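Good morning, and thank you for the time on the agenda. I would like to introduce a structure that is new to this group. Please look at the sequence and the model together as I speak.

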Amino acid sequence: MTQGFQWQRAGLDLSVAVNLSPQLLNDLSFPDHVEQVAAIGLERRRVVFEVTESAAMADPAATMEVLTRLRVKNFGLSIDDFGTGYSSLKTAVPHAVQRIKNRYSFVRDVSDHDEARTMVETMVLLAHKLQLTACAKA
C-alpha cells in the first residue's frame, strides 16, 4: 500500500491489486479493517481487491456481502483468473465487480493459437458489454 501512496503522490494514476484469500471473503469485519488504508493517505479507489471465481463461490452470500461492503467503501474489485472457475458474473456484476482479469495461460498463447486468441477476445468483449474493464496477467 505504501508504494501505491508513493505513486499517487508522484501524480501517477495507478492502482495496487491485492489478492484476497477465501477466508477473508467470509469475514464480514474485513471491509472495516482495510478501511484504514486511508490513514496512510492512499485513496481507496486505488486499491483493487482481486477475487478468484472459485473462492467467490465457496459461500456466495457471504462473499457478495463482503464485496458489496468493499465497494461501498470505494475500493475496486476484480474477478481474478476469469474463466477458470464457476462464472459468478450473474450475481457479482450488479453488485460490485468492476474488472475481470484473464488468466495468464489464456493470454500467453494468443499470438500462436487461434483458439487462445478467440477465448481472450470473447472475454474482453464480454467485459466491455458489461461495462467492465478487462485486463490480463503478463
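Let me begin with Glu65, which is partly exposed at a relative accessible area of 35%. One point before I continue: this is a predicted model. Glu65 makes a salt bridge with Arg69, and their closest N and O atoms are 2.8 Å apart. Both residues belong to helix α4, where they sit four residues apart, about one turn of the helix. Arg69 is likewise partly exposed, at 30% relative accessible area.

How many salt bridges does a search of the whole structure find? The search returns nine. Some of them share partners, and in this way Asp13, Glu43, Arg45 and Arg46 are joined into one network.

Within that network, please consider Asp13 and Arg45. Their side chains meet in a salt bridge, at 3.5 Å from N to O. Asp13 is in the loop between α1 and β1 (16-19), while Arg45 is in the loop between α2 and β2, so the pair links distant parts of the chain, 32 residues apart. Asp13 counts as exposed, with 61% relative accessibility, whereas Arg45 is partly exposed, with a relative accessible area of 42%.

A further salt bridge is formed by the side chains of Lys73 and Asp32, at 3.1 Å from N to O. Lys73 belongs to the loop between α4 and β3 (76-82) and Asp32 to helix α2, so this pair ties together parts that are 41 residues apart in sequence. Is Lys73 buried or exposed? Lys73 counts as buried, because its relative accessibility is 15% and the cut-off for buried is under 20%. Its partner Asp32, at 41%, counts as partly exposed.

I turn next to the interior. In soluble globular proteins, nonpolar side chains tend to be buried together. In this model, the largest nonpolar core has 15 residues, and those with the most contacts inside it are Leu20, Phe30, Phe49, Leu70 and Phe75. Three elements, α2 (30-34), β2 (47-52) and α4 (60-72), each supply at least two residues of this core. Which of them gives the largest share? That is α4, with four residues.

Leu70 deserves a closer look. Setting aside its neighbours within four places in sequence, Leu70 is in contact with Leu20, Phe30, Pro31, Val34, Phe49, Phe75 and Leu77. Apart from the largest core lies another one, of five residues, including Ile79, Val97, Ile100 and Leu132.

A polar residue may be added to the picture. Gln8 is found in helix α1 (residues 2-9) and is buried, with a relative accessible area of 16%. Not counting residues up to four places away in sequence, Gln8 touches Gly41, Leu42, Glu43 and Arg46. Two of these contacts, Glu43 and Arg46, bring us back to the salt-bridge network.

Finally, the largest pocket. About 170 Å³ of space lies within this pocket. It is lined by 13 residues, and the closest to its centre are Ser15, Arg45, Val48, Gly76 and Gln98. By class, the lining has four nonpolar, four polar and five charged residues. Arg45 therefore appears twice in this account: it pairs with Asp13 in a salt bridge, and, as a partly exposed residue, it is among those closest to the centre of the largest pocket.

Thank you for your attention.

Terms used. Residues numbered from 1 in each chain as written. Predicted model: local features only at pLDDT ≥ 70, side-chain atom pairs only at ≥ 80, totals over all residues. Heavy atoms only, no water. Buried < 20%, exposed > 50% of the residue type's maximum accessible area, 1.4 Å probe, protein only. Contact = heavy atoms within 4.5 Å. Core = buried A, V, L, I, M, F, W, Y, C linked by side-chain atoms within 4.5 Å. 1 Å grid on protein atoms, 1.4 Å probe; cavity = no way out; pocket = protein on both sides within 12 Å on 5 of 7 lines; lining within 4 Å. Points joined across faces, edges and corners; volume = space filled by probe spheres on them. Nonpolar A, V, L, I, M, F, W, Y, C, P; charged D, E, K, R; others polar. Salt bridge = Lys/Arg side-chain N within 4 Å of Asp/Glu carboxyl O.
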